[in-house]
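Student: I have a model open on my screen, and I would like to learn how to read its empty spaces and its helix packing. Could you walk me through it?

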Amino acid sequence: MNKAKRLQVLEILEEYYGDEKCGLNFRTPFELLIATMLSAQCTDVRVNLVTAELFKEYNTPQKMLTLNEGELREKIKTCGLSNTKAKNILITCHKLLEDYGGEVPQTLEELTALAGVGRKTANVVMSNAFDVPAIAVDTHVFRVSKRIGLAKGSNVLQVEKELMKNLPREYWSRAHHWIIWHGRRLCTARAPKCGACPLGELCEDYIKKEKAAQKKQKAAKKV
C-alpha cells in the first residue's frame, strides 16, 4: 500500500472513529498502568469492572502494597492469569516507590523494565497518560493492520515498527485507537463484516478476496 492510500485509510478511520479513546477507565498514570497490566488476555469491559472496585481503596503504589499477593489475586481473579498478574503488580509497585518516588515513569525503556510490562503496555501508558506518540500493537491492531495492508510483519514488534514507519507520527496514538475500534466493530477476527466496511476499496485483503471470487466465477462459467 502506497503513502497516498495509507493517508486515505487514516482519513476514513478518523471519520468513523475519531472520537474513540482508550477503552480502559483510569484517572491517573498509575491506574492506567495497572489496568493495562490486567488487560492481558482479558477484555477492557471486564478490567473496568474489576478496577472500579480495586481503585476505590488501592489506587497508588503505597496503597496497593498494603495487600499481600493472595489478597490481590482474589480481587483480580476474574481478569485471568491472576497469579502472575498479582505478583508482577506488587513487584512493580515496589520498584515505583524505590526508583521513581511512587510515580510512573514516562519512557519506553523505564516502563518495560517494570515487572509484567511489555512494549504494548508501555505504549498504552505513554500515549494515553503522557501524550507521547506511540502505537500499541494488540491483537486487533496486529490483525487489522495486516489485513488492510498498513503492515505485513509476522510478529507484533515488526508490525509496530512498520506502522511507525508508514504512518505520520502525529497520527500514531490516535490511529492506534481507530484501528482497535475498527477491529472490535467491523474487522473482527471471525467473520469480518466486509460488506459494511468503509475501507473496502482500499483493503488489500478484501481486494484479494474479490479477485479470487471473480476468478472462481469465470472458471465456473467455462465449465
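The conversation below turns to cavities, pockets and one pair of helices.

Tutor: Happy to! Keep in mind that this is a predicted model. Let's begin with enclosed space: a cavity is a place where a probe fits but cannot get out.

Student: How many cavities of 30 Å³ or more are there?

Tutor: The count comes to one, and about 110 Å³ of space lies in it. The elements that give two or more residues to its lining are α9 (139-148) and α12 (204-222).

Student: Which residues should I click on to see the lining of the largest cavity?

Tutor: Try Arg-147, Ile-148, His-182 and Leu-186, which are among them. The lining also includes Cys-187, Cys-194, Cys-197 and Cys-203. By class, the lining holds eight nonpolar, one polar and three charged residues.

Student: And how do I read a pocket?

Tutor: A pocket, unlike a cavity, is an open set of points. The largest pocket here has about 420 Å³ of space, and 23 residues line it.

Student: Which residues lie nearest the centre of the largest pocket?

Tutor: Those are Asp-44, Asp-138, His-140, Ile-180 and Arg-184. At least two lining residues come from each of α3 (44-57), α8 (119-129), α9 and α11 (172-185), and α11 gives the most, with five. The lining of this pocket splits into eight nonpolar, ten polar and five charged residues.

Student: What about the second largest pocket: how much space lies in it?

Tutor: About 230 Å³. It is lined by 17 residues, and Lys-21, Ser-127, Ser-173, Arg-174 and His-177 are the closest to its centre. Here α8 and α11 are the elements that give two or more lining residues, with the largest share, five residues, from α11. Six nonpolar, five polar and six charged residues make up this lining.

Student: Now the helices. At what angle do α5 and α6 pack?

Tutor: Helix α5 (residues 69-76) and helix α6 (residues 82-100) pack at about 125°, and their axes are 9 Å apart.

Student: Why are they called oblique?

Tutor: Roughly perpendicular covers 65 to 115 degrees and roughly antiparallel means over 145. The angle of about 125° fits neither range, so α5 and α6 are oblique to each other. Their crossing is right-handed.

Student: Which residues of α5 make the contact?

Tutor: On α5, look for Glu-69, Leu-72, Arg-73 and Ile-76. Their partners on α6 include Ser-82, Lys-85, Ala-86, Ile-89 and Leu-90. The residues of this contact divide into five nonpolar, two polar and four charged.

Note on methods: Residues are numbered from 1 along each chain as its sequence is written. This is a predicted model: local features need pLDDT of at least 70, side-chain atom pairs count only at pLDDT 80 or more; totals for chains, interfaces and linings use all residues. Side-chain values use heavy atoms; hydrogens and water are left out. On a 1 Å grid over the protein atoms alone, a cavity is a set of points where a 1.4 Å probe fits but cannot get out, and a pocket is an open set with protein on both sides within 12 Å along at least five of seven lines; lining residues have an atom within 4 Å of a point. Grid points are joined across faces, edges and corners, and a volume is the space filled by probe spheres set on the points. Helices (H or I, at least four residues) and strands (E, at least two) are DSSP runs, numbered from the N terminus. Ala, Val, Leu, Ile, Met, Phe, Trp, Tyr, Cys and Pro count as nonpolar, Asp, Glu, Lys and Arg as charged, and the others, Gly among them, as polar. Axes are lines fitted to C-alpha atoms, for helices over the stretch in contact, and angles run from 0 to 180 degrees between N-to-C directions. Angles under 35 degrees count as roughly parallel, over 145 as roughly antiparallel, 65 to 115 as roughly perpendicular and the rest as oblique. A crossing is left-handed if the near helix is turned anticlockwise from the far one by less than a right angle, and right-handed if clockwise. Contact means heavy atoms within 4.5 Å.
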